[in-house]
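Grab a pencil and keep the viewer open while you go through these exercises. Try each task by yourself before you read its solution.

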Amino acid sequence: MYVDFQTIKAADWEVPLAGLLDLEDPKSKLANLKDRLEPISIYFYLIKHPKHGTYMIDSGVGESFTKGKDQVPVSSLVASQMNFDKLKIYETTKSFLEKNKIQLKGIFFTHLHLDHVMGASELDRNIPFYVGPSEMDHSQFINVFVQGSTNRLLGENPNLLQLDFGDVNSGSFVFDFFGDQSFFILSVPGHTQGSLAFFIPSKDGGHLVLGDTCHTRFGWLENIIPGTFTTDPKLNRKSLDTLRGIATYQKTKYIYPGHQERIISKE
Ligand SMILES: [Zn+2]
């Protein structure tokens, strides 16, 4: 059984490279990388299961973000720090779903940083919003800063469910969501406590959605963890190693960094 997998680019943006990539890594230094604005994209993904319906990973960008800097539904402090002038939106979530006549059965968040919940306010409150273990009850420094805005986008009383992968000591980190090996959720703590990644088998070698455990193409190709956007760099390192192991072991064809174009593995 295979699910149908689709990537949608919602927007282009620019953010500081020092957030996306560990510039202290020897390979960053070797490449003489310095902090600057780096072009990124905001993506969401669709999982269409032949029996269980359509699910979404991350929430894209909401209509309200197209109305100019002063209208964005986040606090002005957050807006002023987030370089919204550079946000170029191609597709808003609600219009995409309507246009394609998609009734979602649920949504998974790779994590709850602001750039992953910007479409959440447009989604049906009655469908489950799945997040990783402890994603809701850990307040990280970057989340504290945007918490009010994140809550506003998630809504007053969303149907939020934290996935439970069992005892941390048991070492289990993979969850076969539909129970038919068509869609695997991976617990990859580090970038945030409850960060998730996803492995979707396909006839030609599968898709690995990294989330922000690795934001950039360069980060994946050179094996470098994110920079200041990551909460726990050591744990992020471990999770990135895990994902690299899966990519190798599963001979994964398509790798999706959190914010840049996919990498197609060579045979
Ligand atoms: Zn992100």
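Before you start, one definition: a residue counts as buried when its relative accessible area is under 20%, and as exposed when that area is over 50%. Also keep in mind that what you're looking at is a predicted model.

**Exercise 1. Get an overview of the chain and of how confident the prediction is.**

Step 1: Start with the secondary structure, which comes to seven helices and 13 strands.

Step 2: Next, look at burial. Of the 267 residues in the chain, 54% are buried.

Step 3: Now the contacts. Take those between residues at least 6 apart in sequence: 68% of them join residues at least 24 apart.

Step 4: Finish with confidence. The chain has a mean pLDDT of 89, and 87% of its residues reach 70 or more. Be careful with residues 139-145, though, where the pLDDT is below 50; this stretch still has 12 contacts in the model beyond near neighbours in sequence.

**Exercise 2. Work out whether T110 is buried or exposed, and find what it touches.**

Step 1: Locate T110 in the loop between strand 5 and strand 6.

Step 2: Compare its accessibility with the cut-off. T110 has 1% relative accessibility, so it counts as buried.

Step 3: List its contacts, skipping residues up to four places away in sequence. T110 touches I57, D58, H116, G194, S195, L196, F198 and G211.

Step 4: Check a distance too. T110 and S59 are 51 residues apart in sequence, yet their C-alpha atoms are 9.7 Å apart in space.

Step 5: Try the burial test again on H113, which sits in the loop between strand 5 and strand 6. Its relative accessible area is 5%, so H113 is buried.

**Exercise 3. Describe the site of the zinc ion.**

Step 1: Find the donors. D115 (OD), H116 (NE2), D212 (OD) and H259 (NE2) coordinate the zinc ion at 2.0 to 2.1 Å.

Step 2: Write their spacing along the chain, which is D-H-x95-D-x46-H. Within this set, H116 and H259 link distant parts of the chain, 143 residues apart: H116 is in the loop between strand 5 (104-108) and strand 6 (129-131), and H259 is in the loop between strand 12 and strand 13 (263-264).

Step 3: Ask about burial. Both H116 and H259 are buried.

Step 4: Judge the geometry. Four donors count as tetrahedral if all angles lie between 85 and 135 degrees. Here the angles among the four donor atoms run from 83 to 165°, and the site is irregular.

**Exercise 4. Which residues of helix 7 are buried, and what do they pack against?**

Step 1: Pick out the buried residues of helix 7: N236, S239, L240, L243, I246 and A247.

Step 2: See where they point. They cover an arc of only 115° around the axis, so they're on the same side of helix 7. The general rule helps: an α-helix has 3.6 residues a turn, so residues three or four places apart point the same way.

Step 3: Turn to the face away from the buried side, which carries the exposed residues K234, K238, T248 and Y249.

Step 4: Find the partners. The buried residues of helix 7 pack against strand 9 (184-187), strand 10 (196-200), strand 11 (207-211), helix 6 (217-222) and strand 12.

Step 5: Walk past the end of the helix. K251 follows helix 7 and has a positive phi, near 50°. T252 is in the loop between helix 7 (233-249) and strand 12 (254-257), and its contacts include I246 and A247.

Key:
Residues are numbered from 1 along each chain as its sequence is written. This is a predicted model: local features need pLDDT of at least 70, side-chain atom pairs count only at pLDDT 80 or more; totals for chains, interfaces and linings use all residues. Side-chain values use heavy atoms; hydrogens and water are left out. Helices (H or I, at least four residues) and strands (E, at least two) are DSSP runs, numbered from the N terminus. Contact means heavy atoms within 4.5 Å. Donors are N, O and S atoms within 2.8 Å of the metal (3.2 Å for Na, K and Ca); water is not among the atoms, so sites may look incomplete. Four donors count as tetrahedral if all angles lie between 85 and 135 degrees; four count as square planar and six as octahedral if opposite donors are over 155 degrees apart and all others between 65 and 115; anything else is irregular. Buried means under 20% relative accessible area, exposed over 50%, partly exposed in between (1.4 Å probe, protein chains only). The arc is that of the directions from the helix axis to the C-beta atoms. pLDDT is the predictor's confidence in each residue, from 0 to 100.
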